[in-house]
Amino acid sequence: FNDLPILVVSVLNQNSNLSEVSNLVKNEIQPAFEEIQGISTVNIVGNESKEVRINLLPERLQEYQLRDQDVAEYLNSVLNEFSLGVKEVDNQEKVVAIQSEVDIEKLKDISVPINPQSVIEGVDQTAEATPTLSDIAEVELEQSSSSISRFNGEESIGIQVVQGVNGNTVEIIDAITNKMDEFEKQYDGLTFETVLNSGDPI
């Protein structure tokens, strides 16, 4: 029961795109809500993140005698802060990396040895045997939504507020309502649309 939200709102801004609204919710609105006494968690739905798609080129891999799985394992070994894996899209395997802040040019310049496994195991490679990632793949930066939140058919950012064990529902919702009013006055075009409010009288 305590995991159910007491308040669900959709955040929209007719003057901003979804990515800008997402950043505002993550950087300002969520922390402001979390400061309110009695709240357990504040969850975001529809939050956008940066996603790097690394489309491995089969003909270039063959030229350097590389396997896609070897490349994925090597990138995992040198980029611990990235979440990497091999996924099949349109019958082609692609390595996908997800990170909020990515220097895509540095990623393109990463050297990939012809025998990546030997580097993981600590064997030296000659410089001429190492193509860069951009030599064997197309590297693209894209926007990605963790999930889609909609209000009246429009894409929005959803916020779910979960009450703590000792929280008072009415007091929490009153405090959040005051915060929402402040944000709407501060940001032109910003609106909060209530989807669920457990504090409403039955």
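Where along the chain does Gln65 lie? Select Gln65 and you will find yourself in the loop between α2 and α3, the latter covering residues 68-78. What you have open is a predicted model, and this tour takes you through it stop by stop.

**Stop 1: Gln65 and its backbone**

Stay on Gln65 for a moment. With a relative accessible area of 69%, Gln65 is exposed, because anything over 50% counts that way. Now look at the backbone: phi of Gln65 is near 55 degrees, a positive value in a residue other than glycine. Most residues other than glycine have a negative phi.

**Stop 2: Glu63**

Next, select Glu63, which belongs to helix α2, residues 58-63. Buried or exposed? Glu63 counts as exposed, at 52% relative accessibility. Add Ile136 to your selection: 73 residues separate Glu63 and Ile136 in sequence, yet their C-alpha atoms are 9.0 Å apart in space.

**Stop 3: the whole chain**

Zoom out now. The protein chain has seven helices and nine strands. Of its 202 residues, 39% are buried. The chain exposes about 11800 Å², with carbon and sulfur atoms supplying 42% of that area. Among contacts with a separation of 6 or more, 75% join residues 24 or more positions apart.

**Stop 4: helix α1**

Select residues 18-34 to pick out helix α1. Follow the helix along and you will meet a kink of about 40 degrees, centred on Val25. What caps the N-terminal end of α1? Asn17 does, with a side-chain oxygen 3.1 Å from the backbone nitrogen of Ser19. Several residues of α1 are buried, among them Leu18, Val21, Leu24, Val25, Ile29 and Phe33.

**Stop 5: the largest nonpolar core**

Two of those names return here. The largest nonpolar core has 24 residues, and Val11, Ile29, Phe33, Ile159, Val161, Ile176 and Phe192 touch the most other members. Two or more residues come from each of β1 (5-13), α1, β2 (39-45), β8 (154-163), α7 and β9 (190-197). Which element gives the most? That is α1, with seven residues.

To see this core from one of its members, select Val11. Leaving aside residues up to four places away in sequence, Val11 touches Val21, Val25, Ile29, Ser156, Ile157, Ile159, Leu190, Thr191 and Phe192. There is also a second, separate core of 16 residues, including Val52, Ile54, Leu61 and Leu75.

**Stop 6: Gly167**

Now go to Gly167, in the loop between β8 and α7. Gly167 is buried, since its relative accessible area of 18% is under 20%. Show Gly38 as well: Gly167 and Gly38 are 129 residues apart along the chain, and their C-alpha atoms are separated by 3.8 Å. Not counting residues up to four places away in sequence, Gly167 touches Gly38 and Ile172.

**Stop 7: colour by confidence**

Finish by colouring the chain by pLDDT. The average is 78, and 70% of the residues score at least 70. Which element of the chain has the highest mean pLDDT, and which the lowest? Helix α7 (residues 169-186) has the highest, at 96, and helix α5 (residues 116-120) has the lowest, at 48. Last of all, select residues 118-128, where pLDDT stays under 50. For this stretch the model has twelve contacts beyond four places in sequence.

Notes:
Residues are numbered from 1 along each chain as its sequence is written. This is a predicted model: local features need pLDDT of at least 70, side-chain atom pairs count only at pLDDT 80 or more; totals for chains, interfaces and linings use all residues. Side-chain values use heavy atoms; hydrogens and water are left out. The bend at a residue is the angle between axes fitted to the seven residues ending there and the seven starting there. Helices (H or I, at least four residues) and strands (E, at least two) are DSSP runs, numbered from the N terminus. Buried means under 20% relative accessible area, exposed over 50%, partly exposed in between (1.4 Å probe, protein chains only). A polar contact is a pair of N or O atoms within 3.5 Å; within protein, one must be able to donate a hydrogen and the other to accept it, and residues adjacent in sequence count only if both atoms are side-chain atoms. pLDDT is the predictor's confidence in each residue, from 0 to 100. Contact means heavy atoms within 4.5 Å. A nonpolar core is a set of buried Ala, Val, Leu, Ile, Met, Phe, Trp, Tyr and Cys residues joined through side-chain atoms within 4.5 Å. Accessible areas come from the Shrake-Rupley method with a 1.4 Å probe; for residues, only the protein chains shown count as cover.
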